[in-house]
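Work through the exercises below with the sequence and the model open. Each task is followed by a solution in steps.

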Amino acid sequence: MNYLPLAPIGSTPLRVLTIAGSDSGGGAGVQADLRTCNLLGVHALCAVTAVTVQNSVGVKDFHKVPGDVVAAQIEVVCDDIGLQAAKTGMLASSDIIEAVAQSWHDHGAGIPLVVDPVCASMHGDSLLDHAALDSLRAELFPLATLVTPNLHEVRLLVGIDVVDATTQADAARALHSLGPQWALIKGGHLQGSASSTDVLFDGNDFHEFETPRVDTGHDHGAGDTLAAATACALAHGYTVPDAVAFAKAWVTECLRAAYPLGHGHGPVSAMFRLQP
Ligand code: PXL
């Protein structure tokens, strides 16, 4: 695959802001986003929304950061440093979603925003209050350049059970009608196929992205990595379809390089980029 252009040593790279939760196990969330940005040559800014108490087996607990503190983190980096794209991950509560939406109204005009609507961990532990689904749909989706749910999140957000290409397209239409410029329905959890197909829709045209399915039990952080890599490509001025194609190829390489960790699920990894 082709990687993103690198800034010359000593010059300021492009900046991507991640608005997401911390994973103490280092696999997903802010940690995955920072790694993705680093290995793609982009400087990561971060507004932490929650601190999870988590290892490879599951999320034991989490503590939310107050919405005004999340907003303050966004404001200070926008005012001083500036950014070319942003992504959201775990937002945990309506309070935080509303604060992020308000900050984005105040500081984000014209900047691409990727919303990964994280609802639960891969172990099924909830990472978002149920009442917050309404805030996501009403407050944040209309501000998003792109929303990137997996099939579990699609069911919660638009009430469609995706079982085949037809229902995947229906879900893309339903999600797009909630206001984002583009909707991406990730098909990675659709069983029974040797490939993984994501469907992207902008209200007019459908784009399909098909990659070989990588058989690994270690895919913690895959969704975060896809959204972060998409934001990095958007920061470079890629179109949304080109950014998604880039990110899908990147996450496929990261799945191939995933490794076991602890007693549960290991993370996807971009460390292949560090090999000589
Ligand atoms: O992969 C989704 C995700 C995002 N953010 C945090 C997480 C997880 C999954 O466990 O813990 C903090």
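**Exercise 1: a salt bridge and its exposure**

Arg 155 forms a salt bridge with Asp 161, with 2.8 Å between the closest N and O atoms. A salt bridge here is a side-chain nitrogen of Lys or Arg within 4 Å of a carboxyl oxygen of Asp or Glu. The model is predicted: local features need pLDDT of at least 70, side-chain atom pairs count only at pLDDT 80 or more, and totals for chains, interfaces and linings use all residues. Residues are numbered from 1 along each chain as its sequence is written, and side-chain values use heavy atoms, with hydrogens and water left out.

Task: classify Arg 155 and Asp 161 as buried, partly exposed or exposed.

Solution.
- Step 1. Buried means under 20% relative accessible area, exposed over 50%, and partly exposed in between (1.4 Å probe, protein chains only).
- Step 2. Arg 155 has 39% relative accessibility, so Arg 155 is partly exposed.
- Step 3. Asp 161 has 45%, so Asp 161 is partly exposed too.

**Exercise 2: two further pairs**

Task: state where the partners of the Asp 198 and Lys 248 salt bridge lie, and how far apart Glu 253 and Arg 256 are in helix 8.

Solution.
- Step 1. Asp 198 and Lys 248 meet through their side chains at 3.5 Å, N to O.
- Step 2. Asp 198 belongs to strand 8 and Lys 248 to helix 8, so the pair ties together parts 50 residues apart in sequence. Helices (H or I, at least four residues) and strands (E, at least two) are DSSP runs, numbered from the N terminus.
- Step 3. Asp 198 is buried at 3% relative accessible area, and Lys 248 is buried at 6%.
- Step 4. The side chains of Glu 253 and Arg 256 form a salt bridge at 2.9 Å, N to O.
- Step 5. Glu 253 and Arg 256 are three residues apart in helix 8, so about one helical turn separates them.
- Step 6. Glu 253 is partly exposed at 26%, as is Arg 256 at 48%.

**Exercise 3: the salt-bridge total**

Task: how many salt bridges does a search of the whole structure find?

Solution. The search finds eight salt bridges. Side chains of opposite charge can pair when their charged atoms come close.
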